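Student: I am new to this structure and would like a close look at a single part of it. Please pick one part, and explain each term as you go.

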Amino acid sequence: MAHLFAEALDKIERVQIDAMVIAVSLKGFSGLSLLKSLKNRGDVTPVIMMSAYATHEMAEECLNHGAYDFLFKPFRLEVLADILEGIKKRNDRLAKMGVIS
């Protein structure tokens, strides 16, 4: 399953992404491991982690490893929309400052 992990990282690096929503449990690898790898590589893309089975401790661990936010499934689309709006405003501010393009 390591090839799926490497493939996910490769795809993420090849495209410009405004935000990512990643499940904690992915087929073949851990979403938390993917988050850690992204942050260790210096990726500043906001990551929203989500899970239907996670505990509050898992959510806290994701946030401690650089997740922008955590969603417990099921969630209302309005909640995701509000988070994404916050990311858009953040990205707009960072772009004006020349931190991101």
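Tutor: Let's start with a pair of strands: S4 and S5 run parallel and are joined by four bridges. Helices (H or I, at least four residues) and strands (E, at least two) are DSSP runs, numbered from the N terminus. Two strands count as paired if DSSP finds at least two bridges between them.

Before we go on, a word on what you are looking at. This is a predicted model, in which local features need pLDDT of at least 70 and side-chain atom pairs count only at pLDDT 80 or more, while totals for chains, interfaces and linings use all residues. Residues are numbered from 1 along each chain as its sequence is written, and side-chain values use heavy atoms, with hydrogens and water left out. The protein chain has a mean pLDDT (the predictor's confidence in each residue, from 0 to 100) of 92, and 97% of its residues reach 70 or more. Among its elements, strand S5 (residues 69-72) has the highest mean, 98, and helix H1 (residues 2-14) the lowest, 79.

Now to the sheet itself. It is open and made of three strands in the order S1-S4-S5, with parallel pairing. S1 (20-23) and S5 are the edge strands, each pairing on one side only. On average, neighbouring strands are turned by 25 degrees against each other, direction ignored. Such angles run from 0 to 180 degrees between N-to-C directions, with axes as lines fitted to C-alpha atoms, for helices over the stretch in contact.

Strand S4 (residues 47-51) is joined to S1 by four bridges, and these two run parallel. Isoleucine 22 stands opposite methionine 49 in S4, while valine 21 faces isoleucine 48. Isoleucine 48 also has a bridge partner in S5, namely aspartate 69.

What lies around S4? All five of its five residues are buried, a word that means under 20% relative accessible area, with exposed over 50% and partly exposed in between (1.4 Å probe, protein chains only). Val47, Met49 and Ser51 point one way from the strand, and Ile48 and Met50 the other way. Helix H2 (residues 31-40) packs on the sheet and touches S1 and S4, its direction making about 170 degrees with that of S4. Helix H3 (residues 56-64) lies across S4 and S5, at about 155 degrees to S5.

S4 also takes part in a nonpolar core: a set of buried Ala, Val, Leu, Ile, Met, Phe, Trp, Tyr and Cys residues joined through side-chain atoms within 4.5 Å. The largest one has 19 residues, and Leu34, Leu38, Met49 and Cys62 have the most contacts inside it. H1, S1, H2, S4 and H3 each give two or more residues to this core. A second, separate core of seven residues includes Ala23, Ile48, Met50 and Leu71.

Finally, look along S5 for aromatic rings. Rings of Phe, Tyr and Trp (its six-membered ring) pair if their centres lie within 6.5 Å; planes under 30 degrees apart count as stacked, over 60 as edge-to-face and the rest as tilted. By this rule there is one aromatic pair. The pair is tilted because the planes of phenylalanine 70 and phenylalanine 72 stand at 55 degrees, with the ring centres 4.9 Å apart. Phenylalanine 70 is buried at 9% relative accessibility, whereas phenylalanine 72, at 32%, is partly exposed.

Terms used
Contact = heavy atoms within 4.5 Å.
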